[in-house]
Amino acid sequence: MKAGLLALAAACCAHAAVLKGMVVESQTGHALARALIVVRPVAGSRGGTQSTRTNSLGEFAFKSIVAGSYTVLASKIGFAPVEYGQRKYKAPGVPVSIEEGSERELRIVLPRLGAITGRVADENDVGLAEHVVYAYRATHPPRLVGHAETDDRGMFRIAELEPGAYLVRTGPKQYDDGAYLPTFYRDVLAADSARPIEVGIDRDAGDIVIRPMPGGLLTLAGRVDYPAVVTLSSDMGAQSMITGPDDVFHFEHLAPGKYHVMAETSDKWVAFQEIDLMRDRGDLRLRCSPMPLVAFHFEGAADGVQVIARRVELWGEAKPEFLTLKDNGTRMMPGQWEFSLAPNSSWYVAKVEAPVAIVPPGADVKFVLSTNPASIHGTVSGASAGAPVLLEHDGEIRTTRADLNGAYQFVGLGPGVYRLLASFDIDDPRASNGAVAIDVAEGAAVSRDLSLK
Amino acid sequence: MRNWLPVLLACAALHAATVRGNVVEHQTGKPLSRVTIRLQPLPGFPVKAVTAKTNTFGVFEIADVPAGAYLLTASRANFVTVQYGQKQWQSAGEPLLLADGSGTFLDIRMPHFAAISGRVVDENEVGVPHQKVLAYRNTRPVELAAQGQADERGDFRIFGLKPGQYLIRTAPLQNAEVSYVPTFAKDADRAENGRVVEVNYDQDATGIEIKPAQGKLIPIHGTLSVSLPKAVNLTFATDMGRETVQTAGPFSFSPVPPGTYELYSEGPGDNSFRCVVLGGWQDVAVREEHDLNADAVCTSYVTVGISGVNGQRVDRSQFTVLARRIDLAGPGPIQQLAIDGSRAALVPGKWELQLKTPPNYYVAGFSGPGMGLQRKHADGWNAVTITRSGYVSFTVGNSPGGIHGAVTGTSHEPVGGAPVYLEIVDRASNTRIGELRMVLTDTRGQYKFQGLAPGDYNILATFEYQSPDFETMSMARPQSVYVREASDAQVDLDLFVLR
């Protein structure tokens with residue numbers, strides 16, 4: 001309390017600094033009105049987080065900033081967010097150092113994200129209207145990230161894509177006298193043979209012409225033992241319908257392939273089935289049972305445990321969510337899930353045992369925790385206030401920022417070989433010769449100073 | 001050419017002809033597959049219509065067609081349907097004459113509909129992302145025709161438009177950054193000051209910029225009370241469209257600028273006499289944010305009377321009643337009203353009703369809640385406001401009038417397959433009442449309209465238009481006809497040709 005008062009007194013009597021600037025659109029240099037600016041102090045700075053929006057002329061000003069080091073983040077709907085000084089998209093920005101009583105002026109340039117544009121055309125190169133086009137991250141398996149519909153000329157544009165490699169695919173489409181199968185660019189059915197499209201920031205990857213392949217589409221129909229909402233999901237997303245009379249359901253114009261069928265009644269009874277659809281099916285029977293009960297077991301420790309679950313769909317992973325447990329259990333929708341624990345300084349996860357899929361009546365998920373975690377700490381030398389520090393282990397990367405004095409630390413680590421790097425430019429220690437490899441023993445407190453790469 | 005028609009038809013026994021053709025995209029000349037070709041005989045020529053599809057190369061063939069005169073149309077989704085022999089895209093097609101044993105080859109070009117594209121920008125000419133953009137027909141009141149959505153750069157494109165004049169307007173937009181009120185291009189708050197964009201088929205009007213004005217938007221929310229424990233559809237209607245939610249209690253809709261809007265509910269009742277349907281309807285004056293109250297109350301049947309002009313009974317089974325709801329967004333979908341005896345389920349609100357009669361009847365009058373008997377031109381749509389229940393009534397006459405005659409060309413030859421347009425007019429206000437009717441002349445150039453209510457009509461025979469509005473009809477100098485009860489007027493027409 002006393003210390004707090006002293007700090008407050010120091011803050012009030014120092015001359016506050018001014019941080020101001022302007023935000024402009026990268027392509028045109030036009031001022032960006034109403035952009036959100038957030039300044040966050042680097043650990044060890046005395047100031048707090050502040051935010052404001054640019055005025056009509058694209059200008060912003062923080063009139064009483066406590067001297068220190070700050071990261072400055074600018075964002076606006078329809079633009080890629082930018083941390084001041086960042087070298088590329090999503091890279092950490094360089095903290096802005098502000099002297100007492102000074103005035104610092106920044107110019108921040110906001111680019112757009114990327115986009116893929118093109119056309120869906122028939123065998124005569126005539127544009128096909130009302131075809132859905134999907135964009136996937138070119139991962140294994142591909143992960144669905146966006147979609148659009150072609151206009152009357154067959155043109156499409158899938159926008160607001162992060163930089164990276166993408167696959168583009170048309171959806172199935174039925175006409176009176178035939179149908180088109182889902183077809184990847186460039187005119188292939190399998191994702192493995194698809195041609196990736198490189199999307200850059202602030203750029204449209206254009207002229208992607210897809211000629212969908214003709215072929216037969218299928219029907220999947222059946223009955224649930226209760227009235228229910230039936231959801232059919234595939235690698236092109238999900239569609240739902242409410243069962244009709246006699247609790248029947250019916251999906252048509254489906255491409256051959258893998259599907260997940262799930263039914264959910266109004267009182268939360270569920271059914272789940274995986275299907276490899278190769279021909280029309282009208283006989284699917286879904287039997288509902290109570291939602292599966294998942295019991296979580298924590299061996300070694302249980303304090304401060306927070307379970308994070310992420311549903312794995314055929315189109316990719318859903319957003320992770322924190323689970324609310326009652327007596328270390330909860331009811332979950334059937335299907336494939338991935339589990340992890342929120343990081344904690346007093347233990348680390350040594351082992352996870354979970355079934356491939358959650359099915360009724362339930363499942364057990366076991367975390368083996370060790371209460372003897374290791375830690376790595378040290379100091380980054382050079383112009384190091386707020387320097388990003390990256391730690392890689394088994395392909396998983398943790399990041400932190402050094403404080404005002406260049407000090408950093410990672411806690412809650414298991415034993416193993418780690419790669420460590422301090423850099424504003426490189427986002428993976430494996431990609432840098434300058435990374436430091438450390439063999440960390442169980443419970444060790446490793447001290448390692450770094451120089452900024 | 002048309003002079004041959006009677007001769008040709010006279011000798012057209014049942015000998016066959018063949019029609020082949022080639023269909024391409026008008027702008028590019030690329031072959032169009034999957035085009036439906038329909039060959040429709042002229043009225044009075046007793047053969048069936050035939051259809052065919054173009055193949056991958058855009059080619060079609062229809063063999064074994066009886067010689068004669070046909071109307072040929074080509075249609076494909078997202079293209080304008082074209083007719084053989086059209087002078088322009090908006091003209092009606094002329095008949096295709098197929099001589100005995102002949103082979104005819106046609107080149108058909110299909111245009112796209114019109115489109116309007118542009119950008120929504122802020123005060124610094126920076127694109128406004130994700131703004132909904134509306135296209136209205138430039139009528140008074142304006143009529144919502146189509147809509148589109150701007151992308152993250154503010155670029156929009158509204159397509160599938162018919163030729164004509166449009167006004168482009170942004171819908172309200174509210175997000176963490178800004179609140180924009182609806183604005184007509186370029187920066188007008190009212191349609192009168194909006195920029196008029198004229199488009200034609202196969203044409204993109206580009207570069208339309210809209211700079212929406214910042215202003216206050218009011219969130220719409222409240223509670224619906226329903227007489228039965230079930231959810232009903234609740235619709236919020238504005239001149240920018242409709243939003244419908246299903247609820248049994250709380251509701252919310254997208255924010256709107258201050259103004260007067262409509263809120264109505266609709267759902268099935270419990271099948272009892274007192275509760276045929278659940279419904280409610282109100283004008284909502286939105287000035288500032290507050291909780292709105294709406295209801296969906298039990299409503300009994302609306303009685304639909306159909307009787308003769310002198311009160312005599314008629315066989316109701318010969319008539320059908322069409323209904324469409326009218327709200328600020330315009331007319332809703334047309335539905336056939338299910339009438340049980342004389343009782344129909346019609347939820348409260350503003351409706352338009354139309355009676356469809358057999359040819360030996362005409363609609364003579366209409367009356368509804370709060371209005372006297374309308375004896376004037378009741379055979380189109382009749383506006384009525386339904387409250388809890390009530391009584392609507394049609395009177396029908398069983399001695400309708402008719403018009404018939406011959407259409408001849410410049411050399412007094414009969415013209416087959418010519419569209420003849422008929423409109424009821426109000427001479428006092430010089431406007432069209434009800435809907436345009438159209439028949440085609442038969443192979444001898446004869447036409448006939450039946451089941452007409454007595455009154456003033458304009459009639460025009462022409463290939464120049466497909467669906468002329470009142471102004472277009474007037475410019476073409478139509479013939480005026482007064483149709484009397486039980487009389488069949490003979491009106492011979494000269495084919496109107498634009499020069």
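**Exercise 1. Find which residues A:Gly118 is in contact with, leaving aside its neighbours within four places in sequence.**

Solution. Start at A:Gly118 and skip anything within four places in sequence; the contacts left are A:Phe156, A:Gly206, A:Asp207, A:Ile208, A:Val209 and A:Ile210. Keep in mind that you're looking at a predicted model. Now pick out A:Val209: its C-alpha atom is 5.5 Å from that of A:Gly118, although the two residues are 91 apart along the chain.

**Exercise 2. Decide whether A:Gly118 is buried or exposed.**

Solution. Count the other C-beta atoms within 10 Å of A:Gly118, and you get 23. The cut-off for buried is 20 or more, so A:Gly118 counts as buried.

**Exercise 3. Place A:Gly118 in its sheet, and work out which strands stand at the edges.**

Solution. First, find the strand: A:Gly118 sits in E9 of chain A. Next, look across to E12(A), where A:Phe156 is the bridge partner of A:Gly118. Strand E9, residues 114-120, pairs with E12(A) through five bridges, in the antiparallel sense.

Then step back to the whole sheet. It's an open one of three strands in chain A, ordered E12-E9-E17, with mixed pairing. E12 (155-161) and E17 (204-210) of chain A are the edge strands: each has a single partner strand, so one side of each has no neighbour in the sheet. From one strand to the next, the twist averages 20 degrees.

**Exercise 4. Name the residues that touch the most other members of the largest nonpolar core, then follow up B:Ile168.**

Solution. The core has 203 residues, and the ones to name are A:Ile116, A:Val168, B:Ile116 and B:Ile168. For B:Ile168, leave out residues up to four places away in sequence; among those it touches are B:Ile116, B:Val133, B:Phe184 and B:Ile208. There's also a second, separate core of 19 residues, including A:Leu220 and A:Phe272.

**Exercise 5. Describe the side of chain B that touches chain A.**

Solution. Begin with the counts: 29 residues of chain B contact 25 residues of chain A. On chain B's side, strand E12 (residues 155-161) gives the most, with three residues. Sort that side by type and you have nine nonpolar, eight polar and twelve charged residues.

**Exercise 6. Check how confident the prediction is for chain A.**

Solution. Take the average first: pLDDT is 92, and 97% of the residues score at least 70. Now go to residues 1-13 of chain A, where pLDDT stays under 50. For that stretch, the model has three contacts beyond four places in sequence.

Notes:
Residues numbered from 1 in each chain as written. Chains lettered and ligands numbered in written order. Predicted model: local features only at pLDDT ≥ 70, side-chain atom pairs only at ≥ 80, totals over all residues. Pairing = 2+ DSSP bridges. Helix = DSSP H or I, 4+ residues; strand = E, 2+ residues; numbered from the N terminus. Axes fitted to C-alpha atoms, helices over the stretch in contact; angles between N-to-C directions. Core = buried A, V, L, I, M, F, W, Y, C linked by C-beta atoms within 7 Å. Buried ≥ 20, exposed ≤ 12 C-beta atoms within 10 Å, placed from the backbone. Contact = placed C-beta atoms within 7 Å. Nonpolar A, V, L, I, M, F, W, Y, C, P; charged D, E, K, R; others polar. pLDDT = per-residue confidence, 0-100.
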